[in-house]
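Work through the following exercises with the coordinates open, and try each task before reading its solution.

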Amino acid sequence: MAKGLKRIAAVVMAAVMLFAMLPYGLAADTKQGGRTVRVAYPIQAGLSERDENGNYSGYTYEYLQEVAQYTGWQYEFVEVPGDIDNSLTTLLDMLQKGEVDLMGGMLFSEEMNSLYDYSGHSYGTVKTVLQVPHNQPDSIVIDAQQEQQLTVAVYGKSVQRRQELEEYAKINLLHVSYVECETEDELIDAVLSGRADAMINTSLNAMPGMRTIAEFAPKPFYFVLSKQAEPGLMQELNAAIMSIQQIDPYFTISLQEKYFTPKNEDLLLTDEEEQYIRTTGAIRVAVRTDEPPFQYRNAEDGSTTGLAPALLQYIGEQTGLTFELVPVSTESGLMELARDGKVDMVAGMTYNYTLARENGVSMTHAYASSQYVLLMRQDWDGSMEGKTLAVPEGTLHSFAYDGKTQFYDSFEDCIRAVSKGEADFTYADGYAAQYYLNQSALGNLRMVPQTDEPREICFGVAMPGHKQLLSIMNKALLVIPEEELRAMVYRNTVTYRRTTLWSFMKEHPAESVLFVMLFCGLIVALLGFNLVQRVRSEKKNALELKKRLQIYQLTQEYFFEYDNATQTLLVSNPNDTGDGESEALLRYDYRTSASSTWSQEDRDKFRSFLEEGKDGTHELRMAGIDGQQHWLRIVQQALRDEAGKPVGMIGKINVIDEEKREKDLLRQRAERDGLTGVFHAAAVRQLVGEYLSEMPDGQHGALLLLDVDHFKEVNDNYGHLQGDEALQQVAAMLQRSFRDCDVVGRSGGDEFVVYMHRLKHRDALRQKCALLTREAHDIVMPDGASLTISLGASLTNSGQSFNEVYTEADKALYAAKAAGRDCYRLSDEEK
């Protein structure tokens with residue numbers, strides 16, 4: 001009976017934590033102090049993971065670390081070898097015997113409750129979901145008011161999920177038919193090929209390239225404890241989970257998004273949205289002229305600039321929309337134009353439902369969020385009694401203050417009034433405050449962060465308007481890269497203070513007078529000191545020259561002196577055993593090339609470098625004084641005359657060939673996949689991206705994607721060591737088959753990627769693909785079975801991006817798999 005319940009437990013847990021990865025031995029947290037809890041740790045994608053360096057991660061792992069913040073627990077993570085079913089059964093048996101204390105990711109059942117103690121609170125929820133490809137924006141919309149036919153790809157043995165789907169279908173008038181699949185690849189292929197409208201999955205199985213259109217049958221999952229666990233362990237766990245849920249209700253949501261919600265980086269538009277872009281004219285956008293850094297008029301050329309115009313320009317480039325900016329001087333005027341239907345959108349709107357409803361606009365997603373700050377003079381003591389608050393005229397924001405309020409035309413006028421002492425303080429969002437505080441005239445102000453809700457900024461779409469416009473704007477805002485958005489914010493928020501002598505004296509008159517007096521006195525003293533030192537220096541120059549030549553003679557390093565006027569370079573020779581200047585120094589005369597073993601190109605290169613007079617450390621690759629090519633590190637200091645003009649250079653030369661070789665070796669290792677020795681995915685993306693960006697018109701290349709057919713069966717039948725050897729043989733085959741200028745890499749798992757540089761014609765690509773599929777048969781397993789591959793390829797043209805050619809090759813790869821594997825397909829010959 002107990003053995004049967006453990007088998008049920010393994011199935012229950014596998015339903016929550018899908019697609020396990022490689023299990024391993026035993027690992028423990030060696031930190032001292034607090035209770036040590038032994039955690040059963042099956043390696044599960046997304047929930048409990050461990051990378052090749054032994055670093056743990058995953059939903060359950062992070063949740064346990066958060067529990068430790070409240071309990072002080074230390075953890076010993078216990079892993080066992082074997083496939084996922086065997087490792088789960090073994091760990092559950094260990095939990096029942098008390099050999100481990102705790103395990104996560106368990107759905108509740110009465111049978112399991114008799115063997116283990118469930119935590120009083122769940123720590124997450126798993127849902128059954130229907131998913132469609134990301135690149136199909138015109139997706140299914142489930143309407144519970146009308147009957148619909150739906151073909152769903154599903155695992156043949158997923159009885160429970162099928163029952164859940166049937167219940168959901170009854171409620172939503174769906175008539176469901178099924179496409180039976182045995183693997184994850186078959187599920188994906190079914191929806192990509194159109195054999196199924198959607199595929200069934202769970203919310204805890206993040207599948208790249210897929211997005212969810214329906215969620216149902218939510219099921220909480222729990223931690224379970226051994227009934228032999230130490231007293232008090234369950235009480236501490238329940239108290240910690242309750243604290244986490246009360247203090248940060250969004251903690252589980254953020255973990256869910258981090259590990260199970262793949263980010264969509266592509267802008268995917270529906271047919272209706274693309275039609276709207278093609279047919280609509282310029283979108284009129286009301287933009288403030290006095291609200292930096294979000295939107296304002298440029299004083300130099302009169303153009304409207306700021307974060308909002310920058311975003312509109314970026315969105316226009318990405319979508320094809322055209323925006324016409326309508327300048328407005330006040331926030332109330334902004335909303336008036338929207339209410340009267342004179343504009344299609346407003347920019348820089350505060351994200352507020354009441355404000356949107358009152359002014360008849362729909363809000364896009366917020367594109368900026370900033371905490372409010374209080375701005376005051378540096379000398380203010382902080383007392384609010386009797387103080388005056390400066391507020392912009394016509395503002396739609398409410399500032400809670402019972403004292404005196406003074407209104408000004410703009411927010412800038414409010415800040416300047418505070419700076420001059422006409423008002424005592426004002427409020428602003430952090431971006432605007434930072435923008436103004438970077439101006440030198442306002443350097444006497446300081447800001448204090450407030451605890452109010454932050455101000456969120458969005459675009460408003462006038463109603464009644466086009467729902468397509470709102471949808472396009474939201475999609476465009478959501479896929480803007482974080483680094484691009486940060487760059488826009490930085491460019492429009494950070495202004496550099498131009499501090500001049502006049503502005504400094506105006507702001508600090510007393511200090512300026514004292515500084516001028518001290519400066520003049522210092523100049524007089526320096527002139528006198530310089531006169532005395534100059535006389536002494538001239539007497540020492542001859543002696544110093546002799547000493548320097550003797551030091552150069554004794555040192556075991558290369559030192560040099562260069563004279564601009566005579567174009568003569570003297571280099572010390574550490575290998576010289578003589579005792580005269582002619583023997584200790586190598587003399588190079590650039591005017592006559594006397595005694596020089598350098599080529600004319602290297603002589604000119606080094607002379608130009610020396611005459612630039614750049615102090616510091618520099619690295620050059622050129623011929624050394626031995627006439628051989630070396631990497632040289634040059635540390636130099638310019639010699640200048642009284643006018644500051646370079647007249648020569650002194651310095652030291654080190655040969656750093658070995659250091660450069662070590663750096664190159666480390667760089668190459670960092671770009672390589674640890675198992676196969678070919679480039680890893682990030683290096684491939686960079687190298688191929690560079691090839692594509694530099695590809696001239698009329699030239700072609702090719703991107704090839706290949707998968708080892710049924711590789712999971714290789715691991716299952718022969719073991720992971722044999723699977724690794726098979727991957728190494730595939731990588732070796734690819735390296736033999738392509739040129740040094742081509743890029744061979746492994747994108748992950750059993751997938752490899754090859755970029756062919758400067759492909760002459762399509763037939764050469766077809767021949768190469770056919771050759772690879774044949775040569776893969778030469779890779780033989782221990783039982784004599786041959787390895788096979790599926791291959792997809794796409795020709796590349798000038799102007800294409802990596803993502804474009806990768807998507808084309810990927811589609812061709814799926815076509816090859818759909819054709820029965822052990823074959824290839826080109827992107828324009830997918831069927």
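The exercises below treat a small sheet and then a set of charged pairs.

The model is predicted, so that local features need pLDDT of at least 70 and side-chain atom pairs count only at pLDDT 80 or more, while totals for chains, interfaces and linings use all residues. Residues are numbered from 1 along each chain as its sequence is written, and side-chain values use heavy atoms, with hydrogens and water left out.

**Exercise 1.** Determine the strand order of the open sheet that contains β14, and identify its edge strands.

*Solution.* Begin with the terms: strands (E, at least two residues) are DSSP runs numbered from the N terminus, as are helices (H or I, at least four residues), and two strands pair if DSSP finds at least two bridges between them. With these rules the open sheet has 3 strands in the order β13-β14-β15, and the pairing is antiparallel. Because β13 (290-291) and β15 (304-305) each have a single partner strand, they stand at the edges, and one side of each is left without a neighbour in the sheet. Next, look at how β13 is joined to β14 (residues 295-297): the two run antiparallel and are connected by 2 bridges. Within this pairing, D290 is placed opposite Y296 of β14.

**Exercise 2.** Find which parts of the chain the salt bridge between E215 and K127 ties together, and decide whether its two residues are buried or exposed.

*Solution.* A salt bridge here requires a side-chain nitrogen of Lys or Arg within 4 Å of a carboxyl oxygen of Asp or Glu. The E215 and K127 side chains satisfy this with an N to O distance of 3.2 Å. Since E215 belongs to strand β11 (residues 210-226) and K127 to strand β7 (residues 124-133), the pair ties together parts that are 88 residues apart in sequence. For exposure, buried means under 20% relative accessible area, exposed over 50%, and partly exposed in between (1.4 Å probe, protein chains only). E215, at 46%, is partly exposed, and K127, at 29%, is also partly exposed.

**Exercise 3.** Repeat the analysis for E180 with R162, and for R284 with D344.

*Solution.* In the salt bridge of E180 with R162, the closest N and O atoms are 2.8 Å apart. This pair links strand β9 (residues 174-181), which holds E180, to helix α5 (residues 159-171), which holds R162, across 18 residues. The salt bridge of R284 and D344 has an N to O distance of 3.5 Å. Here R284 lies in strand β12 (residues 283-288) and D344 in the loop between α11 (331-339) and β17 (345-350), 60 residues apart.
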